[in-house]
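Opened the notebook to look at how two chains meet. Jotting things down as I look them up.

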Amino acid sequence: MNPRRKKRLLITCSLIFGLSLAMGLTLFALQQNIDLFYTPNEILEGKNETGVKPEIGQRLRVGGMVLTGSVKRDPDSLKVSFDLVDNKAGQVTVYFDGILPDLFREGQGIVAQGTLKSKNSVDAFEVLAKHDEDYMPPEVADAVKGMSNLKTEQ
Amino acid sequence: MLPEIGQFSLILACILSLLQTVYPLYGVRTGHQGAIRSAKMFTVLQFIAVAISFVILAYLFFINDFSVSYIATNSNSALPWYYRLSAVWGAHEGSLLLWVFLLATWSIAVALMSKNLPVESMARVLAVLGLLAFGFYLFVILTSNPFERTLPYFPIDGRDLNPLLQDFGLVIHPPMLYMGYVGFSVAFAFAIAALLEGRLDSAWAKWSRPWTMAAWTFLTVGIALGSWWAYYELGWGGWWFWDPVENASFMPWLAGTALIHSLAVSEKRGVFKSWTVLLALSAFSLSLLGTFLVRSGVLVSVHAFASDPTRGLFILSFLILVIGGALLLYAVQASKVKSRGRYELASRESLLLLNNILLIAALIVVLLGTLLPLVHKEIGLGSISIGEPFFNRMFTILIVPFALFLGIGSLFRWKRQKLSELVKPILIILLLSLCSSLVFLFVFAPALTWLAMLGVFLGFWIIVSVGYEIYLRSTHRYSFIIGITKLGNSHWAMSLGHLGLAVMIIGITMTQNYSIEKDVKLAVGEHIRFEHYDFHFDQISALNGQNYVGTVGTFSVLHNQQKIAVMNAEKRIYTVQRMPMTEAAIDAGFIRDLYIAMGEQLPDGAWAVRIYYKPFIRWIWLGPLIMALAGFIMICDKRYRTKKQPLTDSKNETGEQNA
């Protein structure tokens with residue numbers, strides 16, 4: 001092999017090596033950081049698409065509507081809990097310790113990210129309510145479709 | 001009447017952009033000199049037309065013409081005048097108008113400043129820019145017309161600009177970012193023109209380089225501004241969220257960074273040419289992809305504007321046409337591009353190649369993390385989100401080889417480097433950077449962690465090697481004092497750019513490792529103490545702004561029994577949209593920020609308060625600013641602007657002044 005080809009081969013090899021290394025690492029890191037989205041009903045009954053139920057301790061996101069009257073606060077700290085419901089009779093309790101977003105309200109669609117604590121409760125480390133009155137994540141919008149009556153109960 | 005003139009002017013610009021493409025290319029084909037030279041004229045006319053349209057929209061905002069539905073949706077008569085003007089790019093339609101306006105600005109800059117570019121090359125470049133502009137004009141006119149009227153029943157007042165956008169950072173963030181996005185179209189146009197011509201030489205790299213650099217500089221500032229805005233305005237105190245839209249701006253930046261390095265090699269050594277062309281094509285394609293992701297509403301994010309499927313479809317088709325066409329052209333023509341220079345494995349060329357590989361790896365990570373949720377959903381596996389830890393971990397891994405090789409890279413010679421010569425410098429650098437990072441941590445860090453040590457070491461590794469390299473270079477032929485004045489602009493630019501990265505790495509490391517974040521419940525009169533700071537919640541008072549009301553909490557901060565700051569954290573309600581907003585109080589400092597944001601008032605009258613101590617967070621934005629300064633110095637390099645050059649490359653002048 002002439003030196004030029006040899007050099008090219010080396011470069012190509014290192015390129016392929018670098019890329020595959022990156023891909024390998026990426027896929028490994030990805031595996032641990034994919035958070036599936038569930039509606040309250042899906043947490044209880046399993047995903048609509050696959051029927052798989054989440055396991056306790058699994059990281060996930062849950063989206064639904066905050067049930068009116070369900071927000072309970074701890075008097076001494078920022079601990080709060082509330083129930084999330086959807087249009088299929090699912091209901092889970094979310095526990096959160098921290099500051100709720102400005103647009104968090106009863107009867108509002110929100111997304112919580114956290115781990116599944118028991119069959120029907122979630123320990124959230126983040127609660128999101130987007131910064132726009134009209135806005136609702138499409139998944140949440142699907143989950144609470146036809147529930148506008150909840151909103152008027154406020 | 002004015003909106004109609006604006007609209008008409010926009011249509012005129014659209015037609016002119018088409019002419020700017022077709023007629024000069026026809027001229028190049030047939031050798032018709034008049035047609036070739038017409039490119040410049042069409043560019044100027046097109047710029048004037050779109051500028052008129054842009055100015056009219058801005059004026060309509062200024063005079064509160066709510067008969068225009070875009071203005072009625074995004075402005076309000078109570079809005080201060082400067083926010084009324086920045087509201088022009090506050091939503092989808094207007095920001096696209098800004099996009100085409102900036103594209104025309106770049107085009108006219110190319111047309112007027114590249115006097116020594118051969119007319120035919122210039123005609124090709126302008127034609128490509130014209131074609132891109134044409135696509136975007138069609139998009140604006142057909143799907144997102146900013147001049148649409150609400151007549152005959154127009155509202156008395158507007159629905160107001162989103163309160164999040166009523167902020168100084170957001171006045172300049174979008175134009176800067178767009179200058180960057182759109183600026184890569186120039187590099188793209190140069191690459192396409194070179195491929196069309198089938199000729200790619202060092203002169204090409206030299207023409208294209210300052211433009212690419214300018215675009216990269218704007219993008220750098222734009223992203224840094226966005227990050228700064230997110231920090232103080234969103235009220236979470238974070239500086240980067242790996243939000244799809246942030247990623248969309250970060251991907252072209254990564255490709256652009258790879259591009260400016262590979263362009264340097266192409267210019268100086270005449271190698272990597274086809275790779276450089278591919279990068280130039282990708283940088284702009286990624287800008288387009290970013291636009292598609294943001295504008296089509298396929299991704300859920302803070303930035304997502306009201307989505308409309310026809311818009312998404314249009315951009316997607318445009319994206320496929322542009323990227324597909326460019327890659328097809330590349331496939332056909334790239335084989336004609338010959339790289340002549342030779343270099344050995346241990347050489348600066350190889351290290352720059354490595355730099356490119358790592359940047360592309362980072363790019364792939366971000367691309368994967370951004371698009372995977374989309375793919376996952378489309379193939380019916382349900383919605384997922386990819387957590388921050390994924391990106392953080394990947395970048396922690398990638399930055400290590402990147403910083404290490406970056407440090408010693410500039411010590412390598414072009415073409416061939418005897419590794420034995422580098423042993424001594426590397427040992428010196430290693431020793432110095434280890435010492436300085438330990439001293440630094442000893443002084444500023446409350447405790448040592450492995451990650452913090454690694455990060456700070458990498459930062460100092462870069463700083464020390466940059467300093468050492470400057471020392472070596474300037475004492476190469478002269479004494480240090482004289483030598484240092486002889487270093488060229490591009491050398492300073494390189495050193496500064498790398499320093500900027502080092503500053504940023506240190507900033508990120510310190511912030512991520514030593515931040516203290518406390519969400520606490522505080523009532524007026526109570527206080528909380530941490531990290532030698534004592535935060536007293538003094539009082540709550542009412543707030544009355546021009547277009548908002550609210551409450552303001554006053555905190556006084558004590559450090560070693562001395563009062564060092566009084567901070568006012570606001571909770572605003574914008575009256576028109578009834579939207580609550582948190583205005584954080586920040587006591588900014590070179591080595592630490594104190595950050596207070598008011599949460600909600602709890603039923604018993606106390607407040608949920610978020611109190612942060614963020615060491616070195618300013619360095620995260622200082623770094624990019626230094627990088628941008630480096631870019632600016634680079635553009636000012638004499639070799640890109642002198643009119644009289646030695647005979648061999650007399651056509652190389654490409655002045656650039658608007659950075």
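My entries below go from chain A on its own to where it touches chain B.

**Entry: chain A, layout.** I'm working from a predicted model, so I note that here. I counted elements in chain A first and got four helices and seven strands. Reading from the N terminus, I wrote their order down as α-β-α-β-β-β-β-β-β-α-α.

**Entry: chain A, packing.** How much of chain A is buried? Of its 154 residues, 34% are buried. I also checked the contacts in chain A between residues at least 6 apart in sequence, and 63% of these join residues at least 24 apart.

**Entry: the contact between chains.** Next I looked up who touches whom: 33 residues of chain A are in contact with 37 residues of chain B. Which elements of chain B supply at least two residues each to that side? My list has two helices, H12 (348-378) and H13 (388-409), and the strands E1 (384-386), E2 (516-522), E7 (579-583), E9 (592-601) and E10 (607-615), all of chain B. H12(B) gives the largest share, six residues. Sorting the side of chain B that touches chain A by class, I get 23 nonpolar residues, eight polar ones and six charged ones.

**Entry: strand pairing across the chains.** E1(B) turned up again, as a pairing partner for a strand of chain A. Strand E1 of chain A, residues 34-38, runs antiparallel to E1(B), and three bridges join them. Which residue of E1(B) is the bridge partner of A:Ile34? I find B:Ile386 there.

How values were computed
Residues numbered from 1 in each chain as written. Chains lettered and ligands numbered in written order. Predicted model: local features only at pLDDT ≥ 70, side-chain atom pairs only at ≥ 80, totals over all residues. Contact = placed C-beta atoms within 7 Å. Nonpolar A, V, L, I, M, F, W, Y, C, P; charged D, E, K, R; others polar. Pairing = 2+ DSSP bridges. Buried ≥ 20, exposed ≤ 12 C-beta atoms within 10 Å, placed from the backbone.
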